[in-house]
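Please open the model in your viewer and keep the sequence panel at hand, so that each selection can be followed in both. The tour goes from one residue to its surroundings, and then on to other parts of the chain.

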Amino acid sequence: MTKLFSPITIRELTIKNRLWVSPMCMYSCEGQDGIVGQWHLVHLGSRAIGGAGMVIAEASAVSPEGRISPWCPGLWSDDQIAPWKIITDFIRQADSTSCIQLAHAGRKASTHRAQSGSGTVSIADGGWETYSATSEAFEGLAAPKQLAGEKIAGIVEDFAQAALRAKKAGFDAVEIHAAHGYLIHQFLSPVTNKRQDEYGGSLENRAKLLLETVTAVRAAVGESMPVMVRFSATDYVQGGWDQTQTNQVASWCKDLGADLFDLSSGGLVTGVQIPVGPGYQVTFAKSTSAATSADVAAVGQITEAHQAEEILRSGEVDVVLVGREFLRDPYFGLRAASELGAEIDWPVQYQRGRWPSA
Ligand SMILES: Cc1cc2nc3c(=O)[nH]c(=O)nc-3n(C[C@H](O)[C@H](O)[C@H](O)COP(=O)(O)O)c2cc1C
């Protein structure tokens with residue numbers, strides 16, 4: 001019995017294996033209305049057919065101004081529910097499960113899509129004014145406005161409403177994006193949060209937006225649905241956000257109803273040294289696991305079946321998330337099972353192409 005292809009149950013959801021697709025922006029809502037279409041169905045659906053236990057849909061905005069780019073998807077409007085439902089139905093029929101990453105980009109919003117350059121999209125070209133914990137710009141982007149304290153409750157409510165829509169859209173789980181230098185991370189980190197109000201200063205205050213969001217999202221989705229949180233475990237900056245703060249805040253999130261932590265890193269500022277390499281963020285997941293006893297997911301340059309299996313065999317990581325390997329090969333799940341000799345069900349339509357078990 002492999003660890004990678006053993007099931008995991010979180011609340012009332014059982015996921016058939018521990019090899020999940022990491023959220024990845026596609027910048028492909030061509031109507032610039034946050035509505036997903038054929039690209040998303042084929043992209044996410046292929047990976048469900050390809051053996052992933054869970055497919056996590058990309059950063060999806062809780063408000064129009066929370067989009068990274070005008071081409072990013074969202075769940076701020078009821079009109080966005082039905083197109084997502086087509087995708088979650090397909091993923092379920094393919095014997096997989098679905099999750100959506102709910103996000104607000106803050107000062108990193110209103111950018112060009114990766115396909116067409118960098119920098120801020122001007123208001124004349126369909127962009128918008130951004131806001132953040134701070135009024136300092138992310139390098140290369142327009143300066144945000146510092147968010148007034150009385151507007152913060154509205155953002156928490158946007159996350160809650162989007163989570164409710166995610167449930168209506170058929171998602172099995174939701175993930176709150178608190179990583180990669182987006183709005184919640186901008187509040188968490190002392191590098192970008194120098195506020196004097198109740199959302200700045202102490203760790204408790206900097207974490208307040210996230211903790212209120214976890215509470216509101218849990219209340220919105222009810223008790224049965226898994227709620228996950230993605231953190232950047234470090235800013236790679238002296239005096240910035242780090243593993244110790246991550247572990248403390250994760251443990252508060254757990255007390256408020258979060259189930260699984262997904263440990264990434266960086267993204268808050270440019271110009272830092274990130275020691276990338278195979279499995280380079282696994283130690284972050286192990287640390288949060290030890291500190292919180294919650295389920296954790298490791299991500300980052302996990303590209304091979306045996307590597308993923310070894311990470312899980314440590315007993316300190318519960319799930320592996322795979323990004324780019326799933327872009328190279330949507331059937332990575334089926335291939336990994338064959339390489340590990342795990343007996344899994346293939347899609348019946350694909351049976352004749354089955355790889356022999358190793
Ligand atoms: C094209 C692309 C888009 C991404 N978009 C997101 C995203 O929407 N949300 C997120 O948290 N991470 C995003 N990431 C980061 C991935 O989820 C993952 O953490 C990262 O690629 C490292 O894993 P890998 O080495 O397996 O690719 C993106 C990565 C790629 C390559």
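Begin by selecting L312, which lies in helix α8, the stretch covering residues 305-313. Keep in mind throughout that this is a predicted model. Is L312 buried or exposed? With 20 other C-beta atoms within 10 Å, L312 is buried, because 20 or more such neighbours is the criterion for that class. Now add K3 to the selection: K3 and L312 are separated by 309 residues in sequence, yet their C-alpha atoms are 6.3 Å apart in space. Leaving aside residues up to four places away in sequence, L312 touches K3, L4, R18, V317 and V320, and these can be shown together as the next selection.

Stay with α8 and bring in helix α10, residues 332-340, whose axis comes within 9 Å of the axis of α8 and crosses it at roughly 75°. The two helices, α8 and α10, are therefore roughly perpendicular to each other. To see where they meet, select A305, H306, A308 and E309 on the α8 side, together with A336, E339 and L340 on the α10 side. Sorted by class, this contact of α8 with α10 comprises 4 nonpolar, 1 polar and 2 charged residues.

Next, colour the strands and look for the barrel, which is closed, has 8 strands with parallel pairing, and follows the order β3-β4-β5-β8-β9-β10-β11-β12. From one strand to the next, the twist averages 25°. One pairing to inspect is that of strand β3 (residues 19-21) with strand β12 (residues 319-322), which run parallel and are joined by 3 bridges. Within this region, select V21 and look for V322 in β12, which stands opposite V21.

Then turn to helix α7, residues 282-292, which lies across β10 (260-264) and β11 (295-299) and runs at about 170° to β11.

The last stop is the ligand. Which residues come nearest to the ligand? Of the 20 residues around the ligand, those that come nearest are S22, M24, A59, G323 and R324. Display β4 (54-61) and α9 (324-328) as well, since these are the elements that give two or more residues to the shell around the ligand. Colouring that shell by residue class should show a division into 8 nonpolar, 8 polar and 4 charged residues.

Note on methods. Residues numbered from 1 in each chain as written. Predicted model: local features only at pLDDT ≥ 70, side-chain atom pairs only at ≥ 80, totals over all residues. Helix = DSSP H or I, 4+ residues; strand = E, 2+ residues; numbered from the N terminus. Buried ≥ 20, exposed ≤ 12 C-beta atoms within 10 Å, placed from the backbone. Contact = placed C-beta atoms within 7 Å. Pairing = 2+ DSSP bridges. Axes fitted to C-alpha atoms, helices over the stretch in contact; angles between N-to-C directions. Near = placed C-beta within 6 Å. Nonpolar A, V, L, I, M, F, W, Y, C, P; charged D, E, K, R; others polar. Parallel < 35°, antiparallel > 145°, perpendicular 65-115°, else oblique.
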